[in-house]
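Subject: Structure for you to look at

Hello,

Here is the structure I promised to pass on. Please open it first, then read my notes below.

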Amino acid sequence: MTATALPRTPLDPSLLAELRRLLGDRLSTSAAVCAQHGKDESYHAPHSPDAVAFAQSTDEVAEIVSLCCAHKTPVIPFGTGTSLEGHVAALKGGICVDMSQMDRIVSVHAEDLDATVEAGVTRKQLNQHLRDTGLFFPIDPGADASLGGMAATRASGTNAVRYGTMRENVLALTVVLADGRVIRTARRARKSAAGYDLTRLFIGSEGTLGVITELTVRLYGIPEAISAAVCAFPTIEDAVDTVILTIQSGVPVARIELLDEAQIAAINKYSKLDHQIAPTLFFEFHGTSAAVAEQAETVGAIAADHGGADFRWATTPEARSQLWQARHDAYYAALALRPGSKGWATDVCVPISQLAACIRETKRDLAQSPIPSALVGHVGDGNFHLVFMIDPNQPEEVAEASRLNDRMVARALAMDGTSQHWRARGGVWEAGFFDRRARRGG
Ligand SMILES: Cc1cc2nc3c(=O)[nH]c(=O)nc-3n(C[C@H](O)[C@H](O)[C@H](O)COP(=O)(O)OP(=O)(O)OC[C@H]3O[C@@H](n4cnc5c(N)ncnc54)[C@H](O)[C@@H]3O)c2cc1C
């Protein structure tokens, strides 16, 4: 099952001519370029836009959008295309605005711990730029996504348990609205009680409310000490209980990630590692040397009480980066277990006290299903994902993944949690003028 294409109105040749006049060869109608911009990293079928505009400034984006507005043509912003839910599929065609050439770091205010960047800057690019300042930008959803795309999808990831998500880390945005007007949602100040919180309205709006062209984000000092460790557990309940107690004890872990046996087997094979095949937690601790040692000792004791085997420490930057690279490659490692499969990534989050029950019941469902899957979770936040490795051309597999996903979502909602994946019954959800994907997760 894939996002449903909608009737397309052929592009007005005069719009193309006007865009061509504005952008020259930075407007592409090549089938290959359009195809590349109509698909993401998921199982959803691609839907190409009619043309791709490579913008280089806020003014240019404003002109593109006002021209499209005048011609009633959909606009789909595009960061790096790493999203997992059919976000960039151009269901009605239209103009894709590719932000990759808006990749300037506008300013870094080290003393204020913030930076302003164009929306096409990726998180790795920003951290590379910051490397001599002693500062870093912590949000890390795995993919080297654009900051505009991360804001648009309200990305979180492995560091969210300590540093929050994009919602907590964006101070201000410059946005081109659907009619081409440009607004700045806030200033750099940390506190404002003046007016509506427009910044947060746009964070998570997934391209439906406007094109983000610049962001001001929070930065943090690189911790004096960083330590990472891996610990295997007899059962997934033991691993989850360790997480719950760690969070409830107020240990400020920077990362705490759960991988089930299937996921560990997958990363061992994909990244040529030799982790014990068992439910496993990956930890990272940040702070002064003394604080890191204290956190590690507390968590070590909690883990031991739950049958956690010895911690395997990764203390050098190289060992840490190997460990987290393997975690970041988990999605592709899972897909590699079934060559040719596509990923259906689920995403639920529950209050931490409900996490063990939610995972236990989900695993019970999985045990009775023929669909292969692997579980990874940013469990410190109560958030976990399953990747179903499916053949999207087999309707029964898609139906089964959809059934399992529906049950997970219903379970999470019943536990007062939330889901990133909803089903739009009967077609598409459209918001205003900006086009959006039709359905997520089903
Ligand atoms: C392997 C893998 C693991 C992941 N793990 C996590 C995870 O753990 N946690 C998590 O939160 N996410 C995760 N993600 C998803 C990730 O957050 C998104 O892929 C990323 O944030 C999207 O950024 P992008 O630049 O690729 O945006 P795109 O995929 O290009 O676009 C995504 C959406 O944002 C819109 N958009 C893009 N740029 C702009 C802009 N400038 N203005 C307005 N709208 C815009 C698009 O129209 C689209 O709707 C993962 C992805 C992958 C591939």
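**Three buried helix residues**

Start with Asn-268, which sits in helix α10, residues 261-271. Bear in mind as you read that this is a predicted model. Asn-268 has a relative accessibility of 10%. Buried means under 20%, so Asn-268 counts as buried. Setting aside residues up to four places away in sequence, Asn-268 touches Leu-273, Asp-274, His-275 and Ile-277.

Next, go to Glu-400. Its place is in helix α15, which covers residues 395-414. Is Glu-400 buried or exposed? Its relative accessibility is 15%, so Glu-400 counts as buried. Residues up to four places away in sequence are again left out of the contact list. On that basis, Glu-400 touches Ser-369, Pro-370 and Ile-371.

The third is Thr-58, in helix α3 (residues 58-70). Thr-58 is buried as well, at a relative accessible area of 14%. Which residues does Thr-58 contact, leaving aside its neighbours within four places in sequence? They are Met-102, Thr-174, Val-176, Val-182 and Thr-213. Two of these contacts deserve a second look. Val-182 is 124 residues from Thr-58 along the chain, yet their C-alpha atoms are separated by 8.0 Å. With Thr-213, there is a polar contact between the two side chains, at 3.0 Å.

**The ligand**

Now turn to the ligand. The residues that surround it number 33. The closest are Pro-77, Thr-80, Thr-82, Ser-83 and His-378.

Three side chains are worth showing on screen. His-378 has a polar side-chain atom 2.5 Å from an oxygen atom of the ligand. For Ser-146, a polar side-chain atom is 2.6 Å from a ligand oxygen. Thr-82 has an N or O atom in its side chain that also lies 2.6 Å from an oxygen atom of the ligand. How much of the ligand does the protein bury? Taken alone, the ligand exposes 960 Å², and the protein buries 93% of that.

What kinds of residue make up the shell around the ligand? There are 16 nonpolar residues, 16 polar ones and one charged. Four elements each supply at least two shell residues: β3 (75-78), α5 (147-152), β10 (210-218) and α13 (330-337). Of the elements, α5 gives the most, with four residues.

**Two positive phi angles**

Last, two backbone points. Most residues other than glycine have a negative phi. Here are two exceptions to check.

Leu-113 is not a glycine, but its phi is positive, about 55°. Where does Leu-113 lie? It is in the loop between β5 (105-109) and β6 (114-118). At 32% relative accessibility, Leu-113 counts as partly exposed.

Arg-154 also has a positive phi, near 50°, and is a residue other than glycine. Arg-154 lies in the loop between α5 and α6 (160-163). Follow the chain there from α5, the helix that gives four residues to the ligand shell. Arg-154 counts as partly exposed, with a relative accessibility of 39%.

For a quick tour, I suggest this order:

- Thr-58 and its side-chain polar contact with Thr-213.
- The ligand, with 93% of its area buried by the protein.
- Leu-113, with its positive phi.
- Arg-154, with its positive phi.

Best wishes

Conventions. Residues are numbered from 1 along each chain as its sequence is written. This is a predicted model: local features need pLDDT of at least 70, side-chain atom pairs count only at pLDDT 80 or more; totals for chains, interfaces and linings use all residues. Side-chain values use heavy atoms; hydrogens and water are left out. A residue is near a molecule or strand if one of its heavy atoms lies within 4 Å of it. A polar contact is a pair of N or O atoms within 3.5 Å; within protein, one must be able to donate a hydrogen and the other to accept it, and residues adjacent in sequence count only if both atoms are side-chain atoms. Accessible areas come from the Shrake-Rupley method with a 1.4 Å probe; for residues, only the protein chains shown count as cover. Ala, Val, Leu, Ile, Met, Phe, Trp, Tyr, Cys and Pro count as nonpolar, Asp, Glu, Lys and Arg as charged, and the others, Gly among them, as polar. Buried means under 20% relative accessible area, exposed over 50%, partly exposed in between (1.4 Å probe, protein chains only). Contact means heavy atoms within 4.5 Å.
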